[in-house]
Amino acid sequence: MTSITFRVDGVPVPQGSKKGFVVGKRAVLVDDNKDVLKPWRRKVAAASDIGHTFTGPVFVAAVFYMPRPLRPKFSLPGVKPDLDKLMRALGDGMTDGGLLADDSRIVSQFIHKRYASDSNPVGVRILVMEAGEES
């Protein structure tokens with residue numbers, strides 16, 4: 001069973017909501033945070049471009065290490081950004097980098113948000129593993 005682990009350094013960026021507008025006679029949708037999202041997805045794509053593509057179902061485990069505010073409200077980062085939006089950006093970035101044939105291949109995920117520390121700097125640690133056959 002093939003498994004890949006890698007890390008992406010930098011502040012994780014969520015896949016934002018969409019903004020719509022009309023150009024000529026066409027409707028156009030864009031991410032409302034594209035200025036920070038695009039560089040983050042490029043970093044994920046570069047880190048996940050390892051020369052292997054998962055074409056079948058996969059399990060993904062990811063721990064997002066977020067910057068610690070001066071006065072955290074909680075002991076864990078139970079504040080924005082939303083964990084599911086962070087995962088959407090990660091899945092799309094791994095697809096952009098060729099690690100996943102498509103992020104729809106993710107059939108199971110284990111994701112956490114934690115505050116960064118000296119031993120776990122700001123960024124995300126990822127494990128991608130072929131999903132076993134169901135019995």
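Asparagine 33 counts as buried in this predicted model, because its relative accessibility is 17%, below the 20% cut-off. The residue sits in the loop between β3 (26-31) and α1. Beyond the residues up to four places away in sequence, asparagine 33 touches Val13, Pro14 and Gly16.

The protein chain contains two helices and six strands. From the N terminus on, the order of elements is β-β-β-α-β-α-β-β. Three strands thus come before the first helix in the run. The chain has 135 residues, and 34% of them count as buried. Along its principal axes, the C-alpha trace spans about 50 × 45 × 30 Å. Contacts across long stretches of sequence are prominent in the count: among contacts with a separation of 6 or more, 82% join residues 24 or more positions apart.

Four strands form an open sheet. Their order is β1-β6-β4-β5, and the pairing is mixed. β1 (3-9) and β5 (106-115) stand at the edges. Each edge strand has a single partner, so one side of each is left without a neighbour in the sheet. From one strand to the next, the twist averages 10°.

Strand β6 (residues 123-130) pairs with β1 in the antiparallel sense, over seven bridges. Two positions illustrate this pairing. Aspartate 9 has glycine 123 of β6 as its bridge partner. Valine 8 stands opposite valine 124, also in β6. On the other flank, β6 pairs with strand β4 (residues 58-66). This pairing is antiparallel too and runs over eight bridges. Within it, phenylalanine 59 stands opposite methionine 129 of β6. In a regular strand, side chains alternate between the two faces of the sheet.

Helix α1 packs on the sheet and touches β1 and β6. The direction of α1 makes about 145° with that of β1. Lysine 43 lies in this helix. Leaving out residues up to four places away in sequence, lysine 43 touches Val8, Asp9 and Gly10. Valine 8 and aspartate 9 are thus met again here: both have partners in β6, and both touch lysine 43. Lysine 43 counts as partly exposed, because its relative accessibility is 41%, between the limits of 20% and 50%. Its C-alpha atom is separated by 33 Å from that of glycine 24, 19 residues apart along the chain.

The two helices also meet. The axes of α1 (residues 34-48) and α2 (residues 83-96) come within 7 Å and cross at roughly 55°. That angle makes α1 oblique to α2. The crossing is right-handed. On the α1 side, the contact is made by Leu37, Trp40, Arg41, Val44, Ala45 and Ser48. On the α2 side, the contributors are Ala89, Leu90, Asp92, Gly93, Met94 and Asp96. By class, the contact has seven nonpolar, two polar and three charged residues.

Serine 48, in helix α1, belongs to this contact. At 1% relative accessibility, serine 48 counts as buried. Neighbours within four places in sequence aside, its contacts are Phe6, Gly93, Met94, Gly97 and Leu99. Gly93 and Met94 are among the α2 residues of the helix contact. Phe6 falls within β1 (3-9). Serine 48 therefore touches residues of both α2 and β1, because its contacts include Gly93, Met94 and Phe6, with β1 spanning 3-9 and α2 spanning residues 83-96.

Arginine 71 offers a contrast in accessibility. This residue is found in the loop between β4 and α2. Arginine 71 counts as exposed, because its relative accessibility is 76%, over the 50% cut-off. Arginine 71 and glutamine 15 are 56 residues apart in sequence. In space, C-alpha to C-alpha, the two are 26 Å apart.

Note on methods:
Residues are numbered from 1 along each chain as its sequence is written. This is a predicted model: local features need pLDDT of at least 70, side-chain atom pairs count only at pLDDT 80 or more; totals for chains, interfaces and linings use all residues. Side-chain values use heavy atoms; hydrogens and water are left out. Axes are lines fitted to C-alpha atoms, for helices over the stretch in contact, and angles run from 0 to 180 degrees between N-to-C directions. Angles under 35 degrees count as roughly parallel, over 145 as roughly antiparallel, 65 to 115 as roughly perpendicular and the rest as oblique. A crossing is left-handed if the near helix is turned anticlockwise from the far one by less than a right angle, and right-handed if clockwise. Contact means heavy atoms within 4.5 Å. Ala, Val, Leu, Ile, Met, Phe, Trp, Tyr, Cys and Pro count as nonpolar, Asp, Glu, Lys and Arg as charged, and the others, Gly among them, as polar. Two strands pair if DSSP finds at least two bridges between them. Buried means under 20% relative accessible area, exposed over 50%, partly exposed in between (1.4 Å probe, protein chains only).
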